[in-house]
Structure formats: C-alpha cells, structure tokens
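Biologist: Please show me the model, and then let us go through the ligand and its surroundings step by step.

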Amino acid sequence: MLPPRGTAASLAGDPARPRLLERYARFLPLTSATPRLSLGEGATPLVHAERLGAAWGLPNLHLKLEGSNPTGSFKDRGMVLAVAKALEAGARSIVCASTGNTSASAAAYGAAAGLEVVVVLPAGRIAAGKLLQAQAAGATVLAVRGSFDDALVAVRALAGQDEHPVTLVNSVNPFRLEGQKTAAFEVCDDLGGPPDVLAIPVGNAGNISAYWMGFRAYHAAGAIDRLPRMWGFQAAGAAPIVLGRPVEHPETFATAIRIGNPASWEKAVAARDESGGLIEAVTDDEIFAAYRDVVRHAGIFCEPASAASLAGVRKLRAEGRLDPDATVVCVLTGHGLKDPASGARLAAAAPPREAEATLAAVTEALGWR
Ligand SMILES: *Cc1c(COP(=O)(O)O)cnc(C)c1O
C-alpha cells in the first residue's frame, strides 16, 4: 500500500539543505495545512564562469544552474508550491499546457503527491527528454494539433468547467510564480547581495516576473539594499514582447521559449520598466553559439532556451552596452540532456574516433605521434 496523498515525498531533513518551502517559508503563502512537499528542488548552484566570462570581457559572469533541479528545470520551484496548495485544497487532478518542462515537473510532483496528472502539449514540438519524463512518471499525455498558445487556451477552458474539477498548474496559477521567486533569494544569498544585471530567457514570461517579485520582496524585507536590472531575451522568431504584438506562428529551435502570446506579458514589461532593464531578441544562430560555448568553455550543458540569456549578455557586452565590471547572473533555466536532438548538433562537430585497443592504435588515432 502506498501512503496517503501528499505524504509520499520528503527529504530526510538535512539542515544544510532545507526544503525549499521551509527555507523561504516567511516569503511564501503557506499555512499549517500546506503539505511540505519536496523532491529536493532549489538550492541550485551559482557558478562563477571565469573562463567564459574572461573570453567575453565579463570577469563577473555567474551562471544560475536551474537544470540542477529534480526534473532538470526551474519549473520545479513553482510546481512544488502549486502542487502543495492543490493538495491543501483537496484536489485530485492537475492539468497543464506545456512546451515540455512544465509537464515533466507536473508529472513528477503529481506522482509524488498521488494526483492524477494531465499534460496537454503541442503535437510534435516537444524535446524528447521532456516528453519521456512526463510519460515515465505516468502522466496522461494529450498532444493537440496546434501551438503551445493553443494548448494553454484549451487547458484554461478545461480547468474552468465543473464536471471534472481539476487544478490548473500553469504559470497563470499564482503559486507557480510565488515558488519561482525563491531563485532570486538564492542568487542574493549566494552573491552576498543582488547582481547588477539578471539575464533570463523569456517565453511565457512567468520566470522574469517571478524573479522581479523575489528581488522586490527581498528589498522590501531589507535583505538587499538595491535592485538589479532585469534583462529578458526572446528568440527572434518568437519575440512578441519585443515586437509589441502576439506572434501567430512562433519559430525557434529553443522550444521552451517558442511562445507567441505570453501569459505574463504585462508583468514582464513591468519588471523590465521598473528595474530599468530591457527585453530584446536574439537570433537562433546567436542562441546556438552561446549554447555551444557555455558547454565548451564553462562545462555547463544547458538546453537551447537557457542559452538565450547568455547570447543576449554576450551581444550587449560586444555592443558596449554592458559595463565590464558589472556583476551579471545568467539564469540557465534547464538541463542540456532534455533536448538530445539539439545536443546532437553539438556532437556532430566531434564524432567519436575508432581504434583498436592497443597503445599504438590509440596514440595514432589521437594524433599523438
Ligand atoms: C519554461 C522555460 C523557459 C521560459 O520561462 P517562462 O517563464 O515561460 O518565460 C525558459 N527555459 C526553460 C528551460 C523553460 O523550461
């Protein structure tokens, strides 16, 4: 017999690595009845990318490795709270639309909590690893003919009807952004203050909004004495906020940000404007170059969408729009292993060499003699 819903998952109470919901409880909408669910999300590394930063003329470049979350993306920070609150409210089912990572996260947290999980995805447009994660965890996967934006319209309607009560866990669920804002706290805690610039990919625009909420909350609480500038980057083929109008057929190989009509559009614009920041576009070629260079020169394999933050920072530095002494944090939102098809484009440049298993043959194959 499995234990009752909501009690299945918990860490052993390691004081050096407290559960996310407990570490930042005073900033989160928890009650005594909210299950302290955890799969070990949060407390992700902040890495000083010294070699990459030196090459780009940015000695204070740091990378926030959100791919180190349990399902390999930052979505876990918001999902843990959204699912905990769904349990608290007595839900039995959760539903989401997804470009992939939200479904992987919902499937995992739903499985841990004993909930039915339905994920609605744009057919044929999900990176293989993400789809597999949702299936492996036992979610019901529904592929709809259309874009992510179409899928989101469908699940919002599904969650609004009465016959089959189901909790929507997309980022329009306010608990998602509340949970995601904890990443801003961690950045400040690890740096000993806020960065000058926080650079982040923008798709549905929830995460940039959540970080800004987090920085403002820390500022209001006196934990930091100034605020960073928020720099958001969209893919050029899916840049509705940059263009100022929805994009009907968004296109980019960075599937996690292939979104034409972001749900948190206004919040993202407010984050940009209130912080004195910007939201700009980077091309797929620029994203790909950053995706390649961050693993080649910093050892961090992120997914393509994540590299949009790096591509943008690199470009603005090259254009002289970023002070070389600035402390910059690029959020690397998801893990590279999520998207083996894009990874294969990197691997194609370095095919394995074959040799007999002898010293002579191996040194020969390596070109060492
Ligand atoms: C969801 C996601 C994004 C986009 O975040 P939004 O909150 O939708 O702007 C970027 N990168 C990855 C890896 C994601 O999973």
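Modeller: A definition comes before the questions: Ala, Val, Leu, Ile, Met, Phe, Trp, Tyr, Cys and Pro count as nonpolar, Asp, Glu, Lys and Arg as charged, and the others, Gly among them, as polar. Keep in mind that this is a predicted model.

Biologist: How many residues of each class are in the shell around the ligand?

Modeller: The shell is sorted with the classes just given, in which Gly counts as polar. The shell has 2 charged, 6 nonpolar and 7 polar residues.

Biologist: What is the distance from an oxygen atom of the ligand to a polar backbone atom of asparagine 207?

Modeller: Asn207 is among the residues that come nearest, as are Asn101 and Asn204. The side chain of Asn101 has an N or O atom 2.7 Å from a ligand oxygen, and for Asn204 a backbone N or O atom lies 2.7 Å from an oxygen of the ligand. For the polar backbone atom of Asn207, the distance to a ligand oxygen is 2.8 Å.

Biologist: How much of the area that the ligand exposes when taken alone does the protein bury?

Modeller: The ligand sits in the largest cavity. Taken alone, the ligand exposes 380 Å². The share of that area buried by the protein is 96%.

Biologist: Is valine 169 buried or exposed?

Modeller: Val169 is in the loop between strand E6 (167-168) and helix H7 (174-180). Buried means under 20% relative accessible area. The relative accessible area of Val169 is 0%, so Val169 is buried.

Note on methods. Residues are numbered from 1 along each chain as its sequence is written. This is a predicted model: local features need pLDDT of at least 70, side-chain atom pairs count only at pLDDT 80 or more; totals for chains, interfaces and linings use all residues. Side-chain values use heavy atoms; hydrogens and water are left out. A residue is near a molecule or strand if one of its heavy atoms lies within 4 Å of it. A polar contact is a pair of N or O atoms within 3.5 Å; within protein, one must be able to donate a hydrogen and the other to accept it, and residues adjacent in sequence count only if both atoms are side-chain atoms. Accessible areas come from the Shrake-Rupley method with a 1.4 Å probe; for residues, only the protein chains shown count as cover. On a 1 Å grid over the protein atoms alone, a cavity is a set of points where a 1.4 Å probe fits but cannot get out, and a pocket is an open set with protein on both sides within 12 Å along at least five of seven lines; lining residues have an atom within 4 Å of a point. A molecule sits in a cavity or pocket if more than half of its atoms lie within 2 Å of its grid points. Helices (H or I, at least four residues) and strands (E, at least two) are DSSP runs, numbered from the N terminus. Buried means under 20% relative accessible area, exposed over 50%, partly exposed in between (1.4 Å probe, protein chains only).
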